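The following dialogue concerns a single molecular structure. Please consult the sequence and coordinates while reading.

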Amino acid sequence: MMMPPGLVSNLQEALQNRKGSQEQGSKDNEDPPEPASSTDENPEPEFDPSKPILLVTNSDGVESPGLTHLVEALVRQGLYNVHICVPQSDKSVSGHSVTFKETVEACSAKVSGASAFEISGTPVDCVSLALSGALFSWSKPMLVISGINQGSSCGHHMFYSGVVAGAREALLSGVPALSISLNWKKDESQETDFKDAAEVCLPLINAAIRDVEKGTFPKSCFLNIEIPTSPSKNKGFKLTKQSMWRSTPSWLAVSASRYPTGHFMANQQGGLGLQFAQLGRDASAAGAARRLATQKKNLEVIESVGASGKSDSNRVKKYFRLEFQEKQQEDIDEDMDYGALESGYVAVTPLSLSTPIESDIQMAASDWISAAIPAEQ
């Protein structure tokens, strides 16, 4: 399922030739044209209208290794205008949630070779705002890439996944999209696996861009790409279907003594004002201080508020924390995303905006409705 390498090189050569012809006569103290690999010298590149626009988002922030290695791989090619819009804090299990009737902050960040913003919202907020025309000077990129996520998003996890939701939001706006996840495993995976994962999915990204330009990329779906735990040893790409796999949710009771009155418990979206401040991230210490200040502003104190006419002492308070526990799978079907991923394949699952209903389910629902509602109604 890998695209012919000759077509990739032809596309790269054509775009590089256009880039070279446009740069003639504007030398600006730069060396003679090279493939745009010197990302450190050009952290905020000028927009090149001859290159396709890519929007990259994720669910766990600008400093996540998955985003870092993906953007480095894209910038190294010098083929695209890369723009980034990601959450300020980890929103990995946010699903398709949005920030409604609350103010969202957008703050610029420095990422070599790309233009980047951090958003005090969810992955869906990031994509929606980026595509609105209010944040960037454009409103429709060629492709949206959401990832690379740390952990798989197979099966029912797609309903929880913020990274999958980012790609789904792009499709809702009519923009082709890919979501990418690495099957990260504790005590087995390491950060370099993200670099390998980026290299593995790069041909698929290039093929998607090429086919979007030609008008042959599927318009009714986005692709969820699951990369196996050892990306460099993958068995190849496999077209799969969404499985029924899921982790088991486990709500753990937490001692009330750990959470005294006024304890910061929830990372809510605060009213910080929509600011397109060109602050950047000049140093890691300054960036850490800014993020800490932002998190403190966003934290909302959970206080007991009694119902009208009732004292707070009459209310019972309990505390819980949600965790997910993997359950063992006896049957591994390689035609389904989870089975293919566990067998070492790169699982590629097309996802649409509507869930097809099997004929037997449709019939069962029809029979129930007919029986539940009297015929005269």
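Questions on this structure and their answers follow.

The model is predicted, so that local features need pLDDT of at least 70 and side-chain atom pairs count only at pLDDT 80 or more, whereas totals for chains, interfaces and linings use all residues. Residues are numbered from 1 along each chain as its sequence is written, and side-chain values use heavy atoms, with hydrogens and water left out.

Reader: How many helices and strands does the chain have?
Author: Helices (H or I, at least four residues) and strands (E, at least two) are DSSP runs, numbered from the N terminus. On that basis, the secondary structure of the chain comes to 9 helices and 14 strands.

Reader: What percentage of the residues of the chain count as buried?
Author: Buried means under 20% relative accessible area, exposed over 50%, and partly exposed in between (1.4 Å probe, protein chains only). Of the 377 residues of the chain, the buried portion is 45%.

Reader: Which helix supplies the largest share of the largest nonpolar core?
Author: A nonpolar core is a set of buried Ala, Val, Leu, Ile, Met, Phe, Trp, Tyr and Cys residues joined through side-chain atoms within 4.5 Å. The largest has 43 residues, of which Val71, Leu74, Ile84 and Ile205 touch the most other members. Its largest share, 11 residues, comes from residues 192-214, that is, helix 6.

Reader: Which residues does Leu74 touch, not counting residues up to four places away in sequence?
Author: Leu74 is one of the buried residues in helix 2. Contact means heavy atoms within 4.5 Å. With residues up to four places away in sequence not counted, Leu74 touches Leu54, Val56, Tyr80, Val82, Ile145, Leu202 and Ile205.

Reader: How far apart are the end C-alpha atoms of helix 2?
Author: The expected span of a helix is 1.5 Å times one less than its number of residues. Helix 2 (residues 65-77) has 13 residues and should therefore span 18 Å; this agrees with the distance between its end C-alpha atoms, 19 Å.

Reader: Is Val127 buried or exposed?
Author: Val127 lies in helix 3 (residues 123-131). Its contacts, not counting residues up to four places away in sequence, are Thr57, Gly166, Glu169 and Ala170. Because its relative accessibility is 0%, Val127 counts as buried.

Reader: What percentage of the exposed area of the chain do carbon and sulfur atoms supply?
Author: Accessible areas come from the Shrake-Rupley method with a 1.4 Å probe; for residues, only the protein chains shown count as cover. The chain exposes about 20700 Å², and the share supplied by carbon and sulfur atoms is 51%.
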